[in-house]
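Colleague: Could you take me through the cysteines of this protein, with care over which of them are bonded and which are not, and then place them in their surroundings?

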Amino acid sequence: MTASPYFRELPDYLFHLPRNRLLFLLLTFAAVIIATGIGLRSPWPADEPRFAEVAREMVASGQWLIPMRGGEFYPDKPPVFMWSIAFFYWLTGNLKIAFLLPNALCSLLTVGLVFDLGARLWNARTGAVAALLLMLAPQFLAQAQKAQIDAMVAAWITVGCYGLIRHFFTGPAWGWYFTAWAFMGLGIITKGVGFLPALMLVPLLILHSRDRTRFQSTMTWRCALGPLALLAVVAAWLLPMVLYVNSVGTEEALAYRNNILFKQTGERYADSWGHLQPWYYYLTSVIPALWFPLPLLFLALFRPLSDALRHRPVVLVQLVWVALVILFFSISPGKRGVYLLPALPMFALALAPVLSTHRPARWFPPILTSLHALIAVALVTLGVLAWNDHPTLVEKVSDYSRDPARLHEAGSLVFTMGLVWLASLIGFWRSRPLGRLLLAMMVSWLLLSTWGYRILEPLRTPRNILAAAEQKIPADAQLGMIDFREQFLLFSKRDFVHFSFFTNLKDDERNAWRWMGDGEHRYVLVEDKLKLDCFSLDGARDLGVAHREHWLLLSPDQRLPDCDPPSKVRQFTTPSPGAWLD
């Protein structure tokens, strides 16, 4: 057997290595790309700071059952992802490393499962092609290098799909069948949608109904016991949580239970209050860009794929499942691109056997080459425009920094990436376009996760704001904040006061006014765009810009004499985490 015609840039002997050795090489390659940059940056908004802060408070307090953020319950997500960050923080003592490790390891698990399943269903070459296709899609590596929940839940969903396919197509393998259901339960207590592998039973049951001899030894009465494994895993978290909440019995504890069980699940899906998009959003705005070039490859392989759907039922099951996942998320009015990440591994795996044995349509190489060249020229042009302070770019960057040197350095990075894309195109002109694209993408990720992190770190954190505030207030002063942001807790070198994440702005301001009047040397951080009733912004001290917001420091001089009392007194003080991020 020869190597896949669309990855012939790789030495042919790689595909003849023993399967375990080839898996080791693929995982090593993936680890270099994914893990580069860990420890080089801090948690960045929007989600990373809150998850890191929850994990930090778990370790500091010793209370791991209910996630806490700034002394308040955090009810938006189940705790598994925060547990994983807290575990690595407890293990390493370094939150800057710990917050990125869970997703890096989960993404490596996903790569390994895709390879192994491809090797078992077809051969090691197909497994390797599937893993490389998965890494080509920008969405996969982008999430692997972030501390959002989606990469972890995608890994658990991939385990679920892996277990079901192992059982029904290479089995019977009852251990893997029940493992699949157990990981669906783990996915549910990670981010609600962990049950998605169960949708794979729809095409499996249809195939079984058409031919009763198919799955004769794998689709038996024992299959009905699978959901019990799911329920057991969910109950391992749910029961202690409910018992704890009932024992505490406070309004806040009961609100946490109701929010996490109802509002953040069924209500959020059926009547979403954010990220509202039309039904076709994923088809037009997410899949073409974030899964590139896989959708283009799907079209280029449409004929052999159609044949595979008739003769390879596992490919049919995988693609129908991907379609059902897309449909499931398209029905909900609230849509985010990351929601589709769990479907990406099975999509790559479905394309791999066809790509390993067939050439895509004739239009595919020139189209992909043209897009490669277009990206290269666009990056080089953007870099040159940044060097020359193009007004549009200056205006965009001013949301983050007004230092021209930042724009110039960003321009240098973008220009260098453009040269990488040009060099890969010209230097490997005789190679296949997917191989050239793989080279350009991987080098670009390495540049972004090193040089790019160094540029963005001061722009995506409030270090400069807090440093400026500390220079302007006495050594014994206290610092509070209106319109609380979790990221400030992570970077503050003083005890930090906020007035509840769940209060409205009016009550937030009134609580801050009350707190400032109850003691001396108390100062409040506030965005300059907020309209305040209890404070005057005249004479407020300018602290600069952080993450697209301009910040001011309010002192007792800006506190107005009179203000209505808050409807509910709320005040939380978080002890300084120290200089853990320095």
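Modeller: A disulfide is counted here where two cysteine sulfur atoms lie within 2.5 Å of each other, and the model to which this cut-off is applied is a predicted one. By this rule the count comes to 1 disulfide, formed by cysteine 534 and cysteine 563, whose sulfur atoms are 1.8 Å apart. The pair links distant parts of the chain, 29 residues apart: cysteine 534 sits in the loop between strand S5 (522-527) and strand S6 (541-546), while cysteine 563 sits in the loop between strand S7 (549-554) and strand S8 (572-574). Residues count as buried under 20% relative accessible area, so cysteine 534, at 1% relative accessibility, is buried, and cysteine 563, at 18%, is buried as well.

Cysteine 106 and cysteine 223 can be read against that cut-off for a bond. The sulfur of cysteine 106 has its closest cysteine sulfur in cysteine 161, and because the two are 15 Å apart, they are too far from each other for a bond. For cysteine 223 the closest cysteine sulfur is likewise in cysteine 161, at 16 Å, so this pair is also too far apart for a bond. Burial does not set these cysteines apart from the bonded pair, because cysteine 106 counts as buried at 6% relative accessibility and cysteine 223 counts as buried at 12%.

As for the surroundings, cysteine 223 is one of the residues in contact with phenylalanine 168, whose other partners, leaving aside neighbours within four places in sequence, include Tyr177, Leu201, Leu204, Phe215, Thr218 and Met219. Phenylalanine 168 is in turn among the residues with the most contacts inside the largest nonpolar core, together with Leu133, Trp321, Phe329 and Leu525. That core has 165 residues, and its largest share, 13 residues, comes from helix H8 (residues 150-170). A second, separate core of 17 residues includes cysteine 534, one partner of the disulfide, along with Trp513, Val524 and Leu554.

To sum up the part you asked about, the disulfide joins cysteine 534 to cysteine 563, with cysteine 534 belonging to the second core, whereas cysteine 223 touches phenylalanine 168 and has no cysteine sulfur within reach of a bond, because the closest is 16 Å away.

Note on methods. Residues numbered from 1 in each chain as written. Predicted model: local features only at pLDDT ≥ 70, side-chain atom pairs only at ≥ 80, totals over all residues. Heavy atoms only, no water. Core = buried A, V, L, I, M, F, W, Y, C linked by side-chain atoms within 4.5 Å. Buried < 20%, exposed > 50% of the residue type's maximum accessible area, 1.4 Å probe, protein only. Helix = DSSP H or I, 4+ residues; strand = E, 2+ residues; numbered from the N terminus. Contact = heavy atoms within 4.5 Å.
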